[in-house]
Amino acid sequence: MAEPVHTVLLIDDSDVTRTLLVFILEKAEYKVVLSSSAEETLKLLHTLAPDIILLDVMMPGMNGFSFCRKLKRNAKYKDIPVIFLTSLSQQTDIVKGFDAGGQDYIIKPFNQQELLARVRTHVHLHDTLLENKRLSRLALDASRSKSEFLASMSHEIRTPLNSIIGMAEVLAETPLSEEQRDYVRIFRTAGESLLEIINDILDLSKIEAGQTELETIDFDLPTLLESVITMVSLRANEQETTIKAHIDADVPSYLNGDPTRLRQILLNLVGNAVKFTRKGQVEITISIGGDEPPKQELLFAIKDTGIGIPVDKQQLIFDSFTQADSLTTRKYGGTGLGLTICRKLLAIMRGRIWLDSQPGSGSTFFFAIPFLQALSARPATRASQPPNCQLLQSARILLVDDNKDNCNLIRLYLQNTPFTLTTVGNGQDAVKAFCAKPCDLILMDIEMPIMDGYEATQKIRQWEQARHRRPVPIIALTAHAFIRFKKKCLDAGCSDFLTKPIKKAKLIDTIATHLKLSDQIQPGPAATAPAVTEAPPKNDGNVVLDQKIAKLIPRFMINKKRDARQMLELLATGDMEALQKHAHGVKGTSWMYGFTLLGDLCQALEKAAEKGDGVGAEKLIETIITYLDTVQIHYQKMDDKGR
């Protein structure tokens with residue numbers, strides 16, 4: 001196959017020089033295009049794509065240095081190599097040529113062999129640059145196609161999975177026999193395991209595509225750690241594994257960074273430690289590492305007494321889809337992506353991860369990340385609400401979804417609330433229904449026939465704006481998990497974004513937030529076996545809890561006593577807004593664990609702080625401290641009715 005013919009654009013107003021150069025270059029099988037000025041060249045470049053430019057300096061009109069600078073400022077021409085070919089031989093002239101953007105500088109009279117060698121070199125470099133750009137575009141296109149494929153598959157899998165997990169959650173709240181309850185637990189667990197696999201694959205693909213965005217917000221480290229332990233405690237209890245945690249005294253409680261990614265890393269590592277440890281112990285330690293400020297690091301150590309990892313496998317486990325051996329995969333399950341995700345996330349966060357392990361003696365995973373203390377005295381926190389709750393105010397909700405299973409699920413989720421639910425099957429009907437009779441809140445699916453959720457949201461916002469109406473909350477419901485879809489929903493005018501599968505508690509909590517009903521959420525009776533219950537509501541200093549959560553209570557009590565001290569400190573500073581937020585958070589967790597009286601006291605404290613009643617707040621905090629010091633906790637096995 002013949003070599004491609006390369007084009008040389010020769011810009012020189014001297015006929016003698018032009019004739020000589022044409023002879024030399026055409027003999028070397030280059031195609032030569034001539035120009036005598038910068039102005040003429042600019043016209044030629046509209047239709048010409050030269051591989052290299054030979055440029056004189058002294059020309060009529062714009063000189064060569066000025067023309068080269070102009071050329072390099074244009075994205076279309078900046079990569080074309082320019083060789084100055086001139087009789088100007090002063091060192092200052094040569095420097096001007098390179099400063100203007102030239103790739104080379106040849107002084108007349110020139111040597112023919114040297115000229116051709118330099119032209120060949122720069123043409124080859126230009127060809128290589130163009131090829132690299134072409135390959136880069138192909139790689140980007142492939143990456144984009146991969147991301148779109150994963151997003152599409154995620155949507156297709158999450159949509160039926162939403163119904164499976166959601167219906168299992170609803171079914172679990174109905175009267176069931178012990179055998180039926182066991183069946184529900186099995187298919188609910190299987191659905192959540194499948195969701196975990198999908199999330200791992202999506203997380204890895206987003207990281208590899210450079211789509212991972214880090215937050216920079218204030219957060220409470222002890223609260224974050226407590227949430228991680230709570231999430232893995234059920235499996236730990238089933239495996240008779242204890243979890244211990246310790247934060248060194250010199251570690252700041254309030255930090256600034258990305259709590260979501262830190263929680264994800266801890267969940268992977270602590271979850272792995274629990275998974276591979278039966279009838280043993282997992283210990284989490286957080287300390288200060290690194291040099292003196294500002295180059296300090298947080299050092300996390302997750303130590304277990306589990307099966308351990310052979311030395312020759314310790315680096316392999318950080319590779320994608322890899323576990324220590326096939327027996328591990330069969331016995332314990334998992335995708336083999338968790339540690340890969342941890343390593344890649346830590347690289348983005350400028351951190352590092354390593355381990356120390358011996359087979360049969362357990363493992364210790366370490367990771368270190370740089371940290372900053374919180375920018376504010378205390379970050380704003382918002383406690384999650386109990387999963388079984390009652391809303392005291394009615395509202396009209398429009399559900400827009402073409403999937404009947406999803407509609408049935410949402411209807412079941414909201415059947416014990418005073419909400420009035422209307423459903424339509426596409427965006428066009430949603431716009432018509434809303435414009436005919438505006439509602440209080442819209443649950444908007446995104447992928448729908450006729451008109452999708454993006455367009456429907458935009459049309460609703462335009463209708464509201466034209467009539468100077470206050471925007472109704474629109475919550476996007478979608479199986480897409482990529483950040484860009486969330487941004488696209490918010491850009492279209494949505495108020496919030498929920499990813500399927502959607503949990504009942506999360507849905508109700510989100511609705512309450514946007515309808516400003518959070519303060520009206522009260523703990524309601526569970527339909528079936530609650531995790532915790534309390535004795536009849538009388539202040540006799542006794543609490544009866546389910547035996548299943550006995551291992552969680554010591555840490556809960558330590559944290560609540562710490563919260564009480566912090567609330568007393570906030571009262572002393574006069575920061576009633578922060579006190580109100582803190583009491584709100586303690587209220588939610590107290591009710592969830594079954595300490596109804598403590599939750600009620602915190603609710604009263606929250607209201608006192610809101611009114612600025614310092615005397616009342618002080619009495620309530622003293623009552624809370626006394627309660628925590630004197631409460632007697634009893635455990636017993638609960639039957640399906642919580643008795």
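**Salt bridges and backbone exceptions in a predicted model**

A search of the whole structure finds 13 salt bridges (a side-chain nitrogen of Lys or Arg within 4 Å of a carboxyl oxygen of Asp or Glu). This is a predicted model, in which local features need pLDDT of at least 70 and side-chain atom pairs count only at pLDDT 80 or more, while totals for chains, interfaces and linings use all residues. Residues are numbered from 1 along each chain as its sequence is written, and side-chain values use heavy atoms, with hydrogens and water left out.

Student: Which residue meets Arg352 in a salt bridge?

Tutor: The N to O distance of this pair is 2.8 Å. The two residues are 55 apart, with Arg352 in strand 11 and its partner in strand 10 (strands being DSSP runs of E, at least two residues, and helices runs of H or I, at least four, numbered from the N terminus). The partner of Arg352 is Glu297.

Student: Is Glu464, which forms a salt bridge with Arg461, buried or exposed?

Tutor: Buried means under 20% relative accessible area, exposed over 50%, and partly exposed in between (1.4 Å probe, protein chains only). Arg461 has a relative accessible area of 15% and is therefore buried. Because the relative accessible area of Glu464 is 2%, Glu464 counts as buried.

Student: Which residue is joined to Pro109 by a cis peptide bond?

Tutor: Pro109 is found in the loop between strand 5 (104-107) and helix 5 (112-172). Omega of the cis bond is about -5°. The residue joined to Pro109 is Lys108.
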